[in-house]
Amino acid sequence: MSFLKEIQRRRTFGIISHPDAGKTTLTEKLLLFGGAIQEAGAVKSNKIKKGATSDFMEIERQRGISVATSVLAFEYNGIKINILDTPGHKDFAEDTFRTLTAVDSVIVVIDVAKGVEEQTEKLVEVCRMRHIPIIVFINKMDREGKDAFDLLDEVEQKLGLSVTPLSFPIGMGYDFKGIYNIWEKNINLFSGDSRKNIEETIEISDLESPELTKLIGEKSANTLREEIELVEGIYPPFDKEAYLNGQLQPVFFGSALNNFGVRELLDCFIEIAPKPRPKQSEERLVTPEEDKFSGFVFKIHANMDPNHRDRLAFVKIVSGTFERNKPYLHVRHGKKLKFSSPNAFFAEKKEIVDISYAGDIVGLHDTGNFKIGDTLTEGEVINYKGVPSFSPEHFRYINNADPLKSKQLFKGIDQLMDEGVAQLFTLELNGRKVIGTVGALQYEVIQYRLEHEYGAKCTYENLNVYKACWVDPKDSKSEEYKDFIRVKQRFLAKDKQNQLVFLADSHFSLEMTQQKYPSLKFHFTSEF
Ligand code: G4P
């Protein structure tokens, strides 16, 4: 197959949801359709069970599984599909944000009974900001839940989306009869024992046809006719361009557990979802079809085995092909590196491959060369943007608890930060180190990993910080900036990239500072 055809048949996407909405179940059903796995239960959920905060085995288990399920690739109808795993647990939200820099589209799973939940709101906001094409899948239709129209309203209001249903449920919960597929103009009927079988599909090109009444009864048929009329009246017709630009989001209904509505979702997905998209670098826009390779690191995973300290860096190929044993430029270090065993990912395994194409993910063994956001190219000096750090939610001083092991401690902290486990800030005033994280769970992960992988011990001390704001002085020579540096010295720190950060101790103090120094800009992400 030609190089261009290979790229054009790739679809790289992520499934995002609030925990428990059914992301793992849907992923598994998609893999079943692709023939990539043979039985249900093969994809392990990587979620951390509630109340497991202190269970280190759980953390280790999670790390193991998340390597295994980081990228799940399979073929369906000639299309190569790469699903990038996104942890649902909110303490790992930053990992998910970063993974979203490597996807070309997303599917958002929503639980019909719970509606739009907090985690979904945050993740969709990131997708919206980046104009990532979104398909919504409303799951668990076999259970009682919210009215379909109310739910569509909620999706529009809370997620700020503009939706158009491409399928519509016939009843719900106990009365759930099936799905009318607006996209394909046919009906799938639900029968309780359909768990393993893929339903037969009945073409209904005209909803007025008496056959519909025969299939689902007069009452349901009339309700469906009214509802579809409403759908056509309220929502815009599907427009692929608008979807690809992130302006219109198609919605599907189904039940992942019962394998219902999943094939319809997948068939529509491969038809409309984008092939690998161009990506902006600081220097220029790079298109996937360019023959020279380029890519960036969006995730780093430490080896589970403490005796082998190497790590796996996940690289999204933006353009060209990645070839084994070919030297590539590590732009930040300005040196060429060769990779003798790049991993490609399949449903449940990874394998060494000779060639991978734009859109694919390769896993590179790394002994400490990479950090998140690094760019690799065939020689051109370009830097991909868009793997920002977000302001952490929690802040603690980190102290060395074993003075004989300070070298190990610093090395450990350094490497864990490169992996993106948390963020390190160094106070300007006294050089003390502060660890900022998205969730409290990370502190335990860091402490545990420092001890088990680096032989170092640490303790934490609370620090009252509301938000970390990256400071953009506009003019670093201005009197206003100099005054800010002098007056706020106690609250200033440098991040790992040596960027200046203001650690505001309250919402109020941040507001007051913004008012007092109007020419300075305070950002909640490191990229502005
Ligand atoms: P997540 O990855 O988004 O966290 O969710 P996951 O797929 O693990 O699903 C969460 C729970 O919801 C699971 O039940 C799963 O079986 C159930 N579920 C998923 N899809 C459907 C559906 O269409 N209908 C119904 N009724 N349930 C669904 P669990 O009891 O937490 O786990 P398990 O013991 O079944 O694995």
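This section describes the ligand site, helix α8 and two buried residues in a predicted model.

The ligand is surrounded by 17 residues. The closest are D20, K23, T24, T25 and S255. By class, the shell holds 7 polar, 6 charged and 4 nonpolar residues. Helix α2, which covers residues 23–33, gives the most to this shell, with 3 residues.

Several polar atoms of the protein face oxygen atoms of the ligand. From D20, a backbone N or O atom lies 2.6 Å from a ligand oxygen. S255 uses its side chain instead: a polar atom there lies 2.7 Å from an oxygen atom of the ligand. A256 places a backbone N or O atom 3.2 Å from a ligand oxygen. Taken alone, the ligand exposes 710 Å². The protein buries 67% of that area.

Helix α8 spans residues 218–234 and contains 17 residues. At 1.5 Å a residue, the expected span is 24 Å. The C-alpha atoms at the two ends are 24 Å apart, so the expected and modelled spans agree. The buried residues of α8 are S220, A221, L224, R225, E227, I228 and V231. Their packing partners include two helices, α6 (148–159) and α7 (210–216). Strands also take part: the buried residues of α8 pack against β6 (163–165), β7 (167–170), β8 (178–181) and β9 (186–189).

Strand β6, one of these partners of α8, contains T164. The relative accessible area of T164 is 4%, under the 20% cut-off, so T164 counts as buried. The side chain of T164 reaches the backbone oxygen of P236 at 2.6 Å. Beyond residues up to four places away in sequence, T164 touches two groups of residues. One comprises Y235, P236, P237 and F238. The other comprises L248, Q249, P250 and V251.

K80 is a charged residue in strand β3, which runs over residues 79–84. The relative accessible area of K80 is 11%; this is also under 20%, and K80 is therefore buried. The side chain of K80 makes a polar contact with the side chain of D360, at 3.0 Å. D360 also appears among the contacts of K80 once neighbours within four places in sequence are left aside. The other residues in contact with K80 are R9, R10, R11, A73, F74 and E75.

Technical notes: Residues are numbered from 1 along each chain as its sequence is written. This is a predicted model: local features need pLDDT of at least 70, side-chain atom pairs count only at pLDDT 80 or more; totals for chains, interfaces and linings use all residues. Side-chain values use heavy atoms; hydrogens and water are left out. A residue is near a molecule or strand if one of its heavy atoms lies within 4 Å of it. A polar contact is a pair of N or O atoms within 3.5 Å; within protein, one must be able to donate a hydrogen and the other to accept it, and residues adjacent in sequence count only if both atoms are side-chain atoms. Accessible areas come from the Shrake-Rupley method with a 1.4 Å probe; for residues, only the protein chains shown count as cover. Helices (H or I, at least four residues) and strands (E, at least two) are DSSP runs, numbered from the N terminus. The expected span of a helix is 1.5 Å times one less than its number of residues. Buried means under 20% relative accessible area, exposed over 50%, partly exposed in between (1.4 Å probe, protein chains only). Contact means heavy atoms within 4.5 Å.
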